[in-house]
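Got the model open in your viewer? Switch on a cartoon, keep the sequence panel handy, and follow along stop by stop.

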Amino acid sequence: MLAIPVFRDRVAPVLDWCSKIVLISESGTGAASGRQIEEVAGMDAFTLVRTLKDRGVRVLICGALSPETLGYAESLGFRIIHGIAGEIDEILEAYRGQKLNRPQYWLPGRFGQCGRRGCVPAGKNDAGRKNRKSPACPKPGAPGTRACPCPGRGAGGPSGSSKPSGPLRCPSCGCPIDEK
């Protein structure tokens, strides 16, 4: 089963505060086949995730969600695809065609490929011009995933202090980020 939080026939911007969620049988092929809309208003995020697990949901596509909800859902074995925006039918079609990593399905303001705000591949903006404001991750992971191909994944990263010590690092893999 697949679940998508809904707001006005679109992916809800934040899972933690959604009031409706659509459950979709992954075997259903038509736009409306195997769909069921559930009212979840007033349900806290942890209860929602647990309820989805009990209903047989294994994949959750959403806009944003809190780090606590993400960690809890991952600990229950969910495959989480977050940072997604768009009409439900279009997102479902892109998911089935393995195309959710395309920028047209990204939540507006979504972080760059490495997970750092303003990070763009190869130091260029969407128009292909050199971007002096945003550092580029030297080894970005695949868009739409939390994966990073760096062998040093997990090394470094934010230290939690308000003042950075040493070079900026990609939060996904710990690679130094060039600030030119």
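Begin with Q98, which sits in the segment after helix 3 (88-96). This is a predicted model, so treat every value on the tour as computed from it. Check the backbone at Q98: phi is positive, about 55°, although Q98 is not a glycine. For background, most residues other than glycine have a negative phi. Is Q98 buried or exposed? With 71% relative accessibility, Q98 counts as exposed.

**Another positive phi**

Now jump to D9, in the loop between strand 1 (2-7) and strand 2 (10-11). What is the phi of D9? The angle is near 65°, again a positive value in a residue other than glycine. D9 counts as exposed too, because its relative accessibility is 56% and the cut-off for exposed is over 50%.

**Zoom out**

Time to look at the whole chain. Colour by secondary structure and you should find three helices and six strands. In what pattern do they follow one another along the sequence? Reading along, you get β-β-β-β-α-β-α-β-α. If you switch to a surface, the chain exposes about 10,400 Å², and carbon and sulfur atoms supply 52% of that area. Of the 180 residues, 36% count as buried. As for contacts, take those between residues at least 6 apart in sequence: 43% of them join residues at least 24 apart. The stops below include some such pairs.

**Helix 1 against helix 2**

Select residues 45-54 for helix 1 and residues 67-75 for helix 2. Their axes come within 10 Å and cross at roughly 25°. Angles under 35 degrees count as roughly parallel, and helix 1 and helix 2 are therefore roughly parallel to each other. Turn the view until one helix lies in front of the other: helix 1 passes helix 2 in a right-handed crossing.

Which residues meet here? Show side chains for A45, F46, V49 and R50 on helix 1, then for E68, T69, Y72 and A73 on helix 2. By class, this contact has five nonpolar, one polar and two charged residues.

**Into the buried part: C62**

Next, pick C62, in the loop between strand 5 (59-61) and helix 2. Don't look for C62 on the surface: its relative accessible area is 0%, so C62 is buried. What does C62 touch, leaving aside neighbours within four places in sequence? Highlight P5, V11, L15, I81, H82, G83 and I84. For a distance check, draw a line from the C-alpha of C62 to that of A12; you should get 6.8 Å, for residues 50 apart in sequence.

**One of its contacts: H82**

H82 was among the contacts of C62, so make H82 the centre of the view. H82 lies in the loop between strand 6 (79-81) and helix 3. Whereas C62 is buried, H82 is partly exposed, with a relative accessible area of 26%. Put a C-alpha to C-alpha line from H82 to P13 and it will read 9.8 Å, across 69 residues of sequence.

**L107**

From H82, step across to L107. The C-alpha atoms of the two are separated by 8.5 Å, and they are 25 residues apart along the chain. L107 is found in the segment after helix 3, the segment that also holds Q98. How accessible is L107? Its relative accessible area is 22%, which makes L107 partly exposed. Leaving aside neighbours within four places in sequence, L107 is in contact with P13, G63, A64, G83, I84 and A85. Two of these, G83 and I84, also appeared around C62.

**Last stop: V22**

Finish in strand 3 (residues 20-24), where you'll find V22. V22 counts as buried, at 3% relative accessibility. Not counting residues up to four places away in sequence, V22 touches L2, A3, I4, V6, R35, Q36, I37 and I88. Keep I88 selected for a final distance: the C-alpha atoms of V22 and I88 are separated by 9.0 Å, with their positions 66 residues apart along the chain.

Methods. Residues numbered from 1 in each chain as written. Predicted model: local features only at pLDDT ≥ 70, side-chain atom pairs only at ≥ 80, totals over all residues. Heavy atoms only, no water. Axes fitted to C-alpha atoms, helices over the stretch in contact; angles between N-to-C directions. Helix = DSSP H or I, 4+ residues; strand = E, 2+ residues; numbered from the N terminus. Parallel < 35°, antiparallel > 145°, perpendicular 65-115°, else oblique. Left-handed = near helix turned anticlockwise from the far one by under 90°. Contact = heavy atoms within 4.5 Å. Nonpolar A, V, L, I, M, F, W, Y, C, P; charged D, E, K, R; others polar. Buried < 20%, exposed > 50% of the residue type's maximum accessible area, 1.4 Å probe, protein only. Areas by Shrake-Rupley, 256 points an atom, 1.4 Å probe, with all protein chains shown as cover.
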